[in-house]
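The exercises below are meant to be worked with the sequence and the coordinates side by side. Each task is followed by a solution that goes step by step.

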Amino acid sequence: LKELVEGKGAEMEGASGRNTIYYNLDCLSDDFNELFPLFLHTFFNPEFNEKDFSLEKSKVLQWISQREDEWYRVGRYEFNKQFFKGHPYSLSTLGEVESVESLTVKDLRAHFDETLNLENLVITIFGDFNEESAIKDAEVAIKKVKSRLIETTASELAKDFSKIIDRPLNSQNNKFELQIPQDVASIFIGFDSFNFSNSLDK
């Protein structure tokens, strides 16, 4: 698959953030009809083989160990823990040594199936392509994966992010001092914005 994609000068890449997962295909129009079904298959049916998983796990553990080597990273890490205390945003996207070491391929596959919620899925295509054929390919891929996915609604996935942050809001100054290894000084300031749960703020 890698040789096929690279041989056509195409590229498939993906990433995830705190709220979203994205997967992208960039190819010539002449190759789209051949590569789009493969793109859908690799997104909906990732292998998560043990060898690649172990390699990525080692990389993440190394990145965690280097977190305190750079002042901004450790400052942002500690700021999020204090400012978003009690909320998922307080957690590092890298995780912690204990949690990463305990992860297995089975855990990763289960998390992917739970996170891949078709209710929130968006497929965007632009360029010179056959719209009817692309829609058909996407519908076939989605139909195949539906039976495997855990039935989870978007509201259930979002429940952890609706938690109330465990800190005084606009009632007192919260001061937290942190010693960092570099000879620098930095101030991180956070403030509360409007709440989208209030219809007047939408």
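**Exercise 1.** Which residues are exposed on the other side of α7, away from its buried residues?

Solution. Bear in mind throughout that the model is predicted. Begin with the extent of the helix: α7 covers residues 131-146, and at 1.5 Å a residue its 16 residues should span 22 Å, which agrees with the 22 Å between its end C-alpha atoms. Next, pick out the residues under 20% relative accessible area, the cut-off for buried; in α7 these are Ala-134, Ala-138, Ala-141 and Val-145. Seen down the axis of α7, these buried residues fall within an arc of 65 degrees, so they line one face of the helix. On the other side of α7, the exposed residues are Glu-132, Lys-136, Glu-139, Lys-143, Lys-144 and Lys-146. To complete the picture, ask what lies over the buried residues of α7: the cover includes α2, residues 29-44. Finally, look at the N-terminal end of α7, which is capped by Asn-130, with a side-chain oxygen 3.1 Å from the backbone nitrogen of Glu-132.

**Exercise 2.** Determine whether the end-to-end distance of α4 agrees with the expected span, and list the buried residues of this helix.

Solution. Helix α4 runs through residues 71-83, and because a helix is expected to span 1.5 Å a residue, its 13 residues should cover 18 Å. The end C-alpha atoms of α4 are 18 Å apart, in agreement with that expectation. As for burial, the list for α4 consists of Val-74, Gly-75, Tyr-77, Glu-78, Phe-79, Asn-80 and Phe-83. One of these, Tyr-77, is touched by Ser-92, which also touches Arg-67, when residues up to four places away in sequence are not counted. Ser-92 itself belongs to the loop between α4 and α5 (97-102), and its side chain reaches the backbone nitrogen of Leu-94 at 3.1 Å.

**Exercise 3.** Describe how β1 and β2 are paired, and identify the partners of Glu-13 and Ser-16.

Solution. Strand β1 (residues 11-16) and strand β2 (residues 21-26) run antiparallel and are joined by six bridges. The two strands form a hairpin, with four residues between them. Within this pairing, Glu-13 stands opposite Asn-24 of β2, while Ser-16 has Ile-21 as its bridge partner in β2.

**Exercise 4.** Is Phe-48 buried, partly exposed or exposed, and what is the sign of its phi angle?

Solution. First locate the residue: Phe-48 is found in the loop between α2 and α3 (50-65). Its phi is near 55 degrees, a positive value in a residue other than glycine. Its relative accessibility is 22%, and Phe-48 therefore counts as partly exposed.

**Exercise 5.** Summarise the protein as a whole, from its order of elements to its surface.

Solution. Counting the elements gives eight helices and two strands, and reading along the sequence gives the pattern α-β-β-α-α-α-α-α-α-α. Of the 202 residues in the protein, 22% are buried. Among contacts with a separation of 6 or more, 74% are between residues 24 or more positions apart. The accessible surface comes to about 15,300 Å², and carbon and sulfur atoms account for 52% of that area.

Technical notes
Residues are numbered from 1 along each chain as its sequence is written. This is a predicted model: local features need pLDDT of at least 70, side-chain atom pairs count only at pLDDT 80 or more; totals for chains, interfaces and linings use all residues. Side-chain values use heavy atoms; hydrogens and water are left out. The expected span of a helix is 1.5 Å times one less than its number of residues. Buried means under 20% relative accessible area, exposed over 50%, partly exposed in between (1.4 Å probe, protein chains only). The arc is that of the directions from the helix axis to the C-beta atoms. Contact means heavy atoms within 4.5 Å. A polar contact is a pair of N or O atoms within 3.5 Å; within protein, one must be able to donate a hydrogen and the other to accept it, and residues adjacent in sequence count only if both atoms are side-chain atoms. Two strands pair if DSSP finds at least two bridges between them. Accessible areas come from the Shrake-Rupley method with a 1.4 Å probe; for residues, only the protein chains shown count as cover.
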